[in-house]
Each structure stands twice: as structure tokens, then as C-alpha cells.
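Here is a walk through one protein chain, from its overall make-up to its salt bridges, strand pairing and surface. Keep the model in view as you read.

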Amino acid sequence: MKKLLLLITVLFFGISTANAQIEKASEGTIYEVMFTPNLEAAGQFALQEGHIVRRTLNGDGTATRWKAHFSFSSVDGNDNDDMVFGLKYGKEKHHDGTDRLATYTGWQAGLLYADVNGDDSTNLMGGVFVGANYYIADNLYLGVEIDYTLKVGEDTTDLEPGINGMLSLGFKL
């Protein structure tokens with residue numbers, strides 16, 4: 001395992017420090033896999049939640065995005081399975097960065113349905129975010145995004161008390 005991590009680290013830094021000109025995506029459609037790493041010490045590389053994002057770059061420094069979330073878990077001995085589904089729409093404003101670094105800010109809003117332990121709920125969600133993408137090859141990047149979200153549901157109003165950090169791997173087909 002240590003040798004695999006060392007190999008991945010060497011490859012990442014070798015690719016990212018090459019002197020070749022990298023092409024950042026400025027138009028077209030980009031697909032992204034976003035995830036929150038497990039910070040609760042259950043497993044080193046386990047994921048807490050994940051999202052799939054479809055981002056359409058408009059060529060004028062703005063982008064439109066759709067962000068989908070789906071999770072399902074089944075616990076042995078429990079008759080109720082847990083399922084969460086969400087869909088968000090958002091707009092982004094991309095800022096000047098460097099040859100490899102692209103930064104952006106934006107807003108998003110959507111709907112979240114959850115069925116956890118037999119209790120279902122539907123929430124409206126909205127929030128703002130800031131992010132940065134580091135291009136490691138033409139139209140391929142690693143990124144980080146931080147968002148702050150407000151949820152309004154049937155019996156609850158929840159302003160996220162903290163900031164949820166998301167790591168991402170994006171690519172243009």
C-alpha cells in the first residue's frame with residue numbers, strides 16, 4: 001500500500017510540474033466527480049458522500065451546472081434502507097487564474113429527498129460556493145470546493161453550521 005501511494009504521489013508531481021503548456025477548458029461540457037473524504041476515522045479512503053456534476057462553460061467566464069447526489073445504504077438487521085437523492089441547479093463565475101489554476105464562485109439551489117430509517121422528508125436547498133481547479137493535463141483537473149447551504153423542509157429549517165469541503169476530479173470529453 002505504501003508503494004502504491006508513493007507511486008501515485010510521484011506520478012502526480014511529475015505530471016503537474018511538467019513545463020508543457022496545459023489547456024484549461026473555457027468552452028464546452030465538463031463532467032466532474034465530487035466527494036467528501038471521510039474525516040471520521042472509519043476508513044482512510046472511505047467516502048461520506050458523493051456528487052456528479054455536469055458543467056457547461058459558456059465561453060464568457062460563466063458556467064451553468066447541474067449537480068446530482070444519490071446514496072443508498074442497507075444495514076443488516078434493520079428493515080429500513082436509507083436513501084438520499086438530490087438535484088441542484090447553479091451558476092458559476094470564473095475568475096482569472098494562472099496557467100493551471102482556475103478559480104470560481106457561484107450559487108446553487110435544488111431539491112433533496114431523503115428516506116432515512118423509514119422517515120422521509122423533502123427539502124429545498126440553496127447556497128453559495130467557492131472553488132479552485134488545478135489542471136494536471138489538458139482538460140483534466142483536481143479541484144476543491146467549499147459551500148455553505150440553507151435547507152428548508154417540512155418540519156425543519158437548517159443553516160449548515162459549518163462548511164462542507166468537496167474534492168473533485170473533472171474532465172472534458
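**From fold to surface**

Of the 173 residues of the protein chain, 29% count as buried. The model is predicted. Its secondary structure comes to 1 helix and 9 strands. Read from the N terminus, the order of elements is α-β-β-β-β-β-β-β-β-β. The helix therefore comes ahead of the strands in that order, if an element is a DSSP run numbered from the N terminus.

Start with the charges inside. Side chains of opposite charge can pair when their charged atoms come close. The structure holds 5 salt bridges. Which residues are linked in a network of salt bridges? They are Glu-32, Arg-55, Arg-65, Lys-67, Glu-92 and Glu-145.

Take Arg-55 as the way in. Its side chain meets that of Glu-32 in a salt bridge, at 3.1 Å from N to O. The pair links distant parts of the chain. Arg-55 sits in strand E2 (residues 47-58), Glu-32 in strand E1 (residues 27-37), and 23 residues set them apart. Are these two residues buried or exposed? Arg-55 has a relative accessible area of 2%, so it is buried. Glu-32 also counts as buried, because its relative accessibility is 2%. The cut-off for buried is under 20%.

Arg-55 has another partner. The side chains of Glu-92 and Arg-55 meet in a salt bridge, with 2.9 Å from N to O. Glu-92 lies in strand E4 and Arg-55 in strand E2, so this pair ties together parts that are 37 residues apart in sequence. Both Glu-92 and Arg-55 are buried. For Glu-92, the relative accessibility is 3%.

Now follow Glu-92 onward. Its side chain meets that of Arg-65 in a salt bridge, at 3.0 Å from N to O. This pair, too, links distant parts of the chain. Arg-65 is in strand E3 (residues 62-73), Glu-92 in strand E4, and they are 27 residues apart. Arg-65 counts as buried because its relative accessibility is 1%.

Next, the strand pairing. Strand E4 (residues 82-95) and strand E5 (residues 101-116) run antiparallel, joined by 13 bridges. The two form a hairpin with 5 residues between them. Which residue in E5 is the bridge partner of Lys-91? That partner is Trp-107. Another contact to look for involves Phe-85, which is placed in strand E4. The C-alpha atoms of Phe-85 and Tyr-113 are separated by 5.3 Å, although the two residues are 28 apart along the chain. Phe-85 counts as partly exposed, because its relative accessibility is 40%.

E5 also pairs onward. How many bridges join E5 to strand E6 (residues 119-137)? There are 16, and the two strands run antiparallel. Val-116 stands opposite Asp-119 in E6. The hairpin of E5 and E6 has 2 residues between the strands. In this hairpin, Asn-117 takes a positive phi near 55°.

Asp-119 leads out to the surface. There it gathers with Asp-120, Glu-154 and Asp-155 in a patch of negative charge. Glu-154 is found in the loop between strand E7 (140-153) and strand E8 (157-159). With 55% relative accessibility, Glu-154 counts as exposed, since the cut-off for exposed is over 50%.

The surface also carries a nonpolar patch. Its members are Trp-107, Leu-111, Leu-124, Val-128, Tyr-148, Leu-150, Val-152 and Leu-159. Together they have about 730 Å² of accessible area. Trp-107 thus appears twice in this account: as the bridge partner of Lys-91, and as a member of the nonpolar patch. Which strands each supply at least two residues of the patch? E5, E6 and E7 do. E7 gives the most, with 3 residues. Leu-150 has its place in strand E7. Its relative accessible area is 37%, so Leu-150 is partly exposed.

Notes: Residues numbered from 1 in each chain as written. Predicted model: local features only at pLDDT ≥ 70, side-chain atom pairs only at ≥ 80, totals over all residues. Heavy atoms only, no water. Pairing = 2+ DSSP bridges. Helix = DSSP H or I, 4+ residues; strand = E, 2+ residues; numbered from the N terminus. Patch = residues over 30% accessible without salt bridge, like charges linked within 9 Å, V, L, I, M, F, W, Y side chains within 5 Å. Areas by Shrake-Rupley, 256 points an atom, 1.4 Å probe, with all protein chains shown as cover. Salt bridge = Lys/Arg side-chain N within 4 Å of Asp/Glu carboxyl O. Lys, Arg positive; Asp, Glu negative; His and termini not counted. Charge placed at Lys NZ, Arg CZ, Asp CG, Glu CD. Buried < 20%, exposed > 50% of the residue type's maximum accessible area, 1.4 Å probe, protein only.
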